Amino acid sequence: MTASLVAFGRFEVGRLLRSWKFLIITVGFPVTFYMLFLGNQSSGTLVDSVSWRAYLMVTMCSFGALVAGLTAGGARLSAERASGWARQLRVTPIPAWSYVVTKVAASMLVILPVMVLVDVVGAVFGGVNLSIGNWFGLTAVMWASALPFALLGVFVGYLVNAETAFPVVIALMFVLGYFGGLFDPLANMPSALQTAAKALPSYHNASLGVAFLDGQGFDAQHWIVLGGYALVLSAAILLKHRVEEGRGLA
Amino acid sequence: MPLKPTALNLSRQPGAVAALRFDGASHHYGSYVAVDDLCLEVAGGETVALLGPNGAGKSTTISLLLGLLRPHSGSIEVLGTTPRKAVAQGRVGAMLQTGPGSGLPAGVKVGATLQLARRLYPRPAPFDVTVERAGIGELLDRQTHRLSGGQVQSVRFAIAIAGDPELVFLDEPTAAMDVAARRSFWKMLRQFSREGRTVLFATHHLHEADQIADRVVVINHGRVVADGPGAMLKACVASRRVRFVCERPDRAQLDGLEGVTDVEIHGHGVTLGSLDADATVRALVRQRIAFTDLEVTGAGLEDAFVALTEGGAVGRSA
């Protein structure tokens, strides 16, 4: 069975990486925004005691992960479930849970290269200079804490149909991106929005990256909020999956 | 022809392990009963058509056989175990109805999809064998969204048999196929079933059921209303139409004639459904009913089907 699941996972990742639409959106957005916003602050500006170039690289890593997670799930998943392919897989020997778990795993796997690419753009065009260990550490921390984005994409794919999924994904991308402080440092926002940002997973994912860079240690609240999102979204997906399973649909 | 209900299950061999068995299984959606106390047994190697009008319970029956749905009462056995276990062991293949969707993953080639399907099973058939069986050799490099309706169904059939299953369920496999595609599909399926596999397909194409299956199980309102070889089913119900012109047709008299099952009168034109046309004609003469333009024709499976699903149960009814 393990071999079956590995084959299924590779098939899913392969399909994502061969999709031009997926690549253009997930790679294009964070990289373009990085280049566009880089000049918004003078090069010496410090945000949360980190240089603007590095800060923006971190927030664009978060944004890339958010976009990849939402796009990998979202409308793609919704359309696929409607097409009957998901149901076809249910009548093969792989267990019922493997479909949704593989979807989340595939999303996580494609989030990683998106983050690495933003790192490379930050290093090459932003002149961000870190030790090898810190590059690895930063990416590892941000990647691990990006799980809620992968879950959110799958949840949207389960919750809404293919037509509504697209606008929902776009809305989530910009709400979580903008209000999570990924485009503009949170300090520049009105205080009400600063408070609201602390409820969003995007803010906490980026904050972990910033905390890693400024070397002052992690604030536990980031992990707690992200862990909470992961739990709630997992439970919601599981519930939806169970309901559909009962109806013979999933 | 003698009409003994027991004679209808010719293919049943005592002691043979059943490929599937419904034992008084029911399933309902809210208050709507889709499958009602269904009893059905299919022996290994049989090709069985599940025939019935839309909403008869065909798809629910197949979903129950695959463990996608559970019976609310009664029990279901597939290959000597539960439906879910039979599926998990990779011994069952299925082609489900997909509505408007293709049932195939997007953004990938047919060949890659089939390769994946094989890897999901513990003992798949060799890739080339499945390609050959489904006749999709020319489609392997095609993207899944660039296929015609008939091609989609062939690819889905290949996926259904990729695991080299002992038992295959097909839910309206020829829906959205043109005549040529349909013909080649059934040719393919017949070849496949000849290799000793059990096939159960749902259809509302009467001729397909009659021509392809060893046995036709007619279901309506979630129950088996008839069960037997297609030819015998036709013989079971008003197998002949007796038509003639009569000056003053008397419905009650005609209805009482030997063999008559139904009477239609349009002006002077009379059509009788009869189980025994010879006896009916003799009775007409004996009773001195003046008739002209006598015509006796066989009723198609179409008529048999209507008669069966509209009312009386024939054969081994549940």
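Two strands are taken to pair if DSSP finds at least two bridges between them. In the predicted model described here, strand 11 (residues 260-266) and strand 12 of chain B meet this criterion with six bridges, in the antiparallel sense. Two residues lie between the strands of this hairpin. One residue of the hairpin, B:G267, adopts a positive phi near 65°. Next to the turn, B:H266 has B:G269 in strand 12 as its bridge partner. B:I265 is matched with B:V270 of strand 12.

Strand 12 (residues 269-274) of chain B also pairs with strand 10 (residues 240-246) of chain B. That pairing is antiparallel and again comprises six bridges. Within it, B:R240 is bridged to B:S274 of strand 12.

These pairings belong to an open sheet of four strands in chain B, ordered 11-12-10-13. Pairing in this sheet is antiparallel. Strand 11 and strand 13 (291-298) of chain B form the edges, and each pairs on one side only. Neighbouring strands are turned by 15° against each other on average, direction ignored. Helix 10 (residues 277-286) of chain B lies across strands of this sheet, namely strand 10, strand 11, strand 12 and strand 13. The helix runs at about 20° to strand 10 of chain B.

Chain B holds a further open sheet, built of six strands in the order 5-6-7-3-8-9. Here the pairing is mixed. Strand 5 (92-95) and strand 9 (223-228) of chain B each have a single partner strand, so one side of each is left without a neighbour in the sheet. From one strand to the next, the twist averages 15°. Strand 6 (residues 167-171) and strand 7 (residues 198-203) of chain B run parallel and are joined by five bridges. One residue of strand 6, B:D171, has B:A202 in strand 7 as its bridge partner. Helix 5 (residues 149-161) of chain B lies across strand 5 and strand 6. The angle between helix 5 and strand 5 of chain B is about 165°.

Over its whole length, chain B contains 11 helices and 13 strands. Of its 318 residues, 48% are buried. Contacts in chain B with a separation of 6 or more were also examined by sequence distance. Residues 24 or more positions apart account for 71% of them.

Chain B touches chain A. The contact draws 25 residues from chain B and 21 residues from chain A. On the side of chain B that touches chain A, helix 2 (83-88) and helix 3 (110-119) of chain B each supply at least two residues. By class, the residues on this side of chain B comprise 16 nonpolar, eight polar and one charged.

In chain A, helix 12 (residues 220-246) has 27 residues. The helix reaches 39 Å from its first C-alpha to its last. This span is close to the 39 Å expected at 1.5 Å a residue. Buried residues of helix 12 of chain A include A:H222, A:V225 and A:L226. A:Y229, A:L233 and A:I237 are buried as well. Among the elements that cover the buried residues of helix 12 are helix 6 (97-125), helix 8 (147-159) and helix 11 (201-214) of chain A.

Terms used. Residues numbered from 1 in each chain as written. Chains lettered and ligands numbered in written order. Predicted model: local features only at pLDDT ≥ 70, side-chain atom pairs only at ≥ 80, totals over all residues. Axes fitted to C-alpha atoms, helices over the stretch in contact; angles between N-to-C directions. Contact = placed C-beta atoms within 7 Å. Nonpolar A, V, L, I, M, F, W, Y, C, P; charged D, E, K, R; others polar. Buried ≥ 20, exposed ≤ 12 C-beta atoms within 10 Å, placed from the backbone. Expected span 1.5 Å × (residues − 1).
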